[in-house]
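Here's a small set of exercises to work through with the model open beside you. Try each task before reading on to its solution.

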Amino acid sequence: MRQIILASASPRRQELLKQLIGDNFLVYSSSYMESTYPGLLPEEFVLRNSAGKARDVAKHFNSGLIISADTSVLFNGELMGKPKSSEEASSSE
């Protein structure tokens with residue numbers, strides 16, 4: 001059976017994958033540095049970051065199926081970046 005690798009340390013993603021396939025996967029967190037890509041549509045942005053994470057993790061394995069994802073928030077037509085601090089995350093501005 002092909003090894004399944006989740007390219008994420010997200011507890012929620014691990015929980016979701018476990019519901020789908022049980023414990024039959026390995027978690028390997030990506031060190032990919034997410035970038036901003038001005039001019040990209042939001043769906044292109046998350047696809048590019050997700051692919052970057054998958055490629056980063058793939059360097060550490062000879063074979064297997066790598067599952068990667070990216071989540072972003074779109075608010076009033078503007079793609080919101082990840083907050084730099086807990087204060088920024090809770091800010092209403």
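## Warm-up: the whole chain

The protein chain exposes about 6900 Å², and carbon and sulfur atoms supply 55% of that area. Keep in mind that this is a predicted model.

**Exercise 1.** Work out how many helices and strands the protein chain has, and which pattern they follow along the sequence.

*Solution.*
- Step 1: count the elements. The protein chain has 3 helices and 5 strands.
- Step 2: read them off along the sequence. The pattern comes out as β-α-β-α-β-β-β-α.
- Step 3: look at burial. Of the 93 residues in the protein chain, 20% count as buried.
- Step 4: check how far contacts reach. Taking contacts between residues at least 6 apart in sequence, 43% join residues at least 24 apart.

## The sheet

**Exercise 2.** Find the strand order of the open sheet and say which strands stand at its edges.

*Solution.*
- Step 1: get the order. The open sheet has 3 strands in the order β2-β1-β3, with parallel pairing.
- Step 2: find the edges. β2 and β3 each have a single partner strand, so one side of each has no neighbour in the sheet.
- Step 3: zoom in on one pairing. β1 and β3 run parallel and are joined by 3 bridges. For I4, the bridge partner in β3 is L65.

## Helix α2

**Exercise 3.** Check whether the end-to-end distance of α2 agrees or disagrees with its residue count, then work out what its buried residues pack against.

*Solution.*
- Step 1: compute the expected span. With 17 residues at 1.5 Å a residue, α2 should span 24 Å. (The sum uses one less than the number of residues.)
- Step 2: compare. The end C-alpha atoms of α2 are 24 Å apart, which agrees.
- Step 3: list the buried residues. In α2 these are F45, N49, S50, G52, K53, A54, D56 and V57.
- Step 4: recall some helix geometry. An α-helix has 3.6 residues a turn, so residues three or four places apart point the same way.
- Step 5: see what lies opposite. The buried residues of α2 pack against β1, β3 and β5.

**Exercise 4.** Take D56 in helix α2. Is it buried or exposed, and which residues beyond its sequence neighbours is it in contact with?

*Solution.*
- Step 1: test burial. The relative accessible area of D56 is 10%; the cut-off for buried is under 20%, so D56 counts as buried.
- Step 2: set aside neighbours within four places in sequence. D56 is then in contact with S30, S31 and Y32.

## Salt bridges

**Exercise 5.** Count the salt bridges, then trace the network that runs through K53.

*Solution.*
- Step 1: start with the principle. Side chains of opposite charge can pair when their charged atoms come close.
- Step 2: count. There are 5 salt bridges.
- Step 3: take the first partner. K53 and E34 meet in a salt bridge at 2.9 Å, N to O. This pair links distant parts of the chain, with K53 in helix α2 and E34 in the loop between β2 and α2, 19 residues apart.
- Step 4: take the next partner. K53 and D70 also form a salt bridge, at 3.0 Å, N to O. Here D70 sits in the loop between β3 and β4, 17 residues from K53.
- Step 5: join them up. Shared partners put E34, K53 and D70 into one network.
- Step 6: add burial. K53 and D70 are both buried, whereas E34 is partly exposed at 32%.

**Exercise 6.** Now try the salt bridge of D23 with K18. How exposed is each residue?

*Solution.*
- Step 1: get the distance. The closest N and O atoms of D23 and K18 are 3.3 Å apart.
- Step 2: check accessibility. D23 is exposed at 60%, while K18 is partly exposed at 46%.

## Out on the surface

**Exercise 7.** Name the residues of the nonpolar surface patch, then describe the backbone and place of N76.

*Solution.*
- Step 1: find the patch. V73, F75 and M80 make a nonpolar surface patch of about 290 Å².
- Step 2: place one member. M80 is in strand β5 and is partly exposed, with a relative accessible area of 34%.
- Step 3: turn to N76. It lies in the loop between β4 and β5 and is exposed, at 70%.
- Step 4: check phi. N76 isn't a glycine, yet its phi is positive, at about 50 degrees.

Conventions. Residues are numbered from 1 along each chain as its sequence is written. This is a predicted model: local features need pLDDT of at least 70, side-chain atom pairs count only at pLDDT 80 or more; totals for chains, interfaces and linings use all residues. Side-chain values use heavy atoms; hydrogens and water are left out. A salt bridge is a side-chain nitrogen of Lys or Arg within 4 Å of a carboxyl oxygen of Asp or Glu. Buried means under 20% relative accessible area, exposed over 50%, partly exposed in between (1.4 Å probe, protein chains only). Helices (H or I, at least four residues) and strands (E, at least two) are DSSP runs, numbered from the N terminus. Contact means heavy atoms within 4.5 Å. Accessible areas come from the Shrake-Rupley method with a 1.4 Å probe; for residues, only the protein chains shown count as cover. Patches are made of residues with over 30% relative accessible area and no salt bridge: like charges are joined within 9 Å, nonpolar side chains (Val, Leu, Ile, Met, Phe, Trp, Tyr) within 5 Å. Two strands pair if DSSP finds at least two bridges between them.
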